[in-house]
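Subject: Structure for your files

Dear colleague,

Here is the structure I said I would pass on. My notes on it come after the entry.

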Amino acid sequence: MEQKNAMTLEFLSLPENEGFARVAVSAFAVQLNPTLETLTDIKTAVSEAVTNAIVHGYREETGIVKVEASYDHSGKLTVTVSDTGCGIPDIARAMTPFFTTQPEKERSGMGFAVMQTFMDDVQVTSQPGCGTNVTLVKTIAAE
Amino acid sequence: MRFEKHRDTLTVHLEGELDHCCAQSIRREMDRLLEEPQIRRLVIDMGDMSFMDSSGIGVILGRYRLLASRGGSVAVRNMNRQVARIFQLSGMGQIIEVMQG
Ligand SMILES: Nc1ncnc2c1ncn2[C@@H]1O[C@H](COP(=O)(O)OP(=O)(O)O)[C@@H](O)[C@H]1O
Ligand SMILES: [Mg+2]
């Protein structure tokens, strides 16, 4: 369906931008009149995807994280979080609950599971050496 | 971080947000308080926490490992619904006690 509204954010891959990014997306999503619980779901999923771009995509390096959000006339919200970092060699494996490449940093490996639980759909495309795109979709029904 | 110690129990009160960015300092503060070897039980009170993602699971599990290695345990208190869902998803209820109230 045709887009009704859209926005794009770009920021450096610094941990202090995690809070800013999830709050910005949830402020945008407020236009769809979601319940507080739905808004928290979106905030949490965005936090997971943005954190992954920062800690896994770019690791010790600093790059640009791009967050694009849009919604259509049916209330379907689509959020895409992209990085041009290291990429994911095996996406299915990465999405397996408890799988993490950073156990020494106390990562839980539950980020993708949280995104899948809190959103209607999660799609990942990635190219090793080029980067990763994570698309989160949730339809916010009109009350 | 607000905390109380009572015999072998350390209770910490988490405030604000627990994401990857905040995790490092929260972890450091908890570990400093847990240096006292007589502490065998950690109670994490989440009543004043406004946000948590899976980074929080990593922090709790890390403290659980530390306590378990000295025969102790970890409990959480005052989880909101959102946090309870993340908790359940991660099967944390198997190893970490959820205290009512
Ligand atoms: N943007 C990304 N770039 C590169 N690797 C990623 C990215 N997102 C996720 N990954 C990989 O997928 C794994 C699982 O991610 P996740 O479920 O969020 O768990 P965690 O972040 O706790 O490791 C990560 O450990 C990492 O190897
Ligand atoms: Mg993650």
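The notes below cover the ligand site, one arginine, one helix and two loop residues.

This is a predicted model, in which local features need pLDDT of at least 70 and side-chain atom pairs count only at pLDDT 80 or more, while totals for chains, interfaces and linings use all residues. Residues are numbered from 1 along each chain as its sequence is written, chains are lettered from A and ligands numbered from 1 in the order in which they are written, and side-chain values use heavy atoms, with hydrogens and water left out.

Ligand site

Ligand 1 occupies the largest pocket. (A pocket is an open set of points on a 1 Å grid over the protein atoms alone, where a 1.4 Å probe fits, with protein on both sides within 12 Å along at least five of seven lines; a molecule sits in one if more than half of its atoms lie within 2 Å of its grid points.) There are 19 residues around the ligand, and those that come nearest are A:N52, A:H56, A:T100, A:T101 and A:G109. (A residue is near if one of its heavy atoms lies within 4 Å.) Helix α2 of chain A gives the largest share of this shell, 4 residues, and α2 and α4 (111-118) of chain A each supply at least two. (Helices are DSSP runs of H or I with at least four residues, strands are runs of E with at least two, and both are numbered from the N terminus.)

Three polar pairs with ligand 1 came out (N or O atoms within 3.5 Å):
- The side chain of A:N52 has an N or O atom 2.8 Å from an oxygen atom of the ligand.
- A polar side-chain atom of A:T100 is 2.5 Å from an oxygen atom of the ligand.
- A polar backbone atom of A:G57 is 3.4 Å from a nitrogen atom of the ligand.

Taken alone, ligand 1 exposes 540 Å², of which the protein buries 96%. (Areas are from the Shrake-Rupley method with a 1.4 Å probe.)

A:N52 belongs to α2 (residues 36-57) of chain A. A:N52 counts as buried because its relative accessibility is 16%. (Buried is under 20% relative accessible area, exposed over 50%, partly exposed in between, with a 1.4 Å probe and protein chains only.) Apart from neighbours within four places in sequence, A:N52 is in contact (heavy atoms within 4.5 Å) with A:G57, A:F112 and A:M115.

A:R107 and chain B

A:R107 sits in the loop between α3 (91-94) and α4 of chain A, and is buried at a relative accessible area of 13%. Beyond its neighbours within four places in sequence, its contacts include A:T51, A:V55 and A:H56 in chain A, and B:H20, B:S54 and B:S55 in chain B. The side chains of A:R107 and B:S55 make a polar contact at 3.3 Å (within protein, one atom must be able to donate a hydrogen and the other to accept it, and residues adjacent in sequence count only if both atoms are side-chain atoms).

Helix α4 of chain A

In α4(A), 6 of the 8 residues are buried, among them A:F112 and A:M115. The buried residues pack against α2, α3, β4 (121-127) and β5 (131-139) of chain A, and against α2 (54-68) and α3 (81-89) of chain B.

Positive phi in chain B

B:R7, not a glycine, has a positive phi of about 50 degrees; B:R7 is exposed at 74% relative accessibility. B:N78, also not a glycine, has a positive phi of about 60 degrees and is partly exposed at 34%.

Regards

Notes. On a 1 Å grid over the protein atoms alone, a cavity is a set of points where a 1.4 Å probe fits but cannot get out, and a pocket is an open set with protein on both sides within 12 Å along at least five of seven lines; lining residues have an atom within 4 Å of a point.
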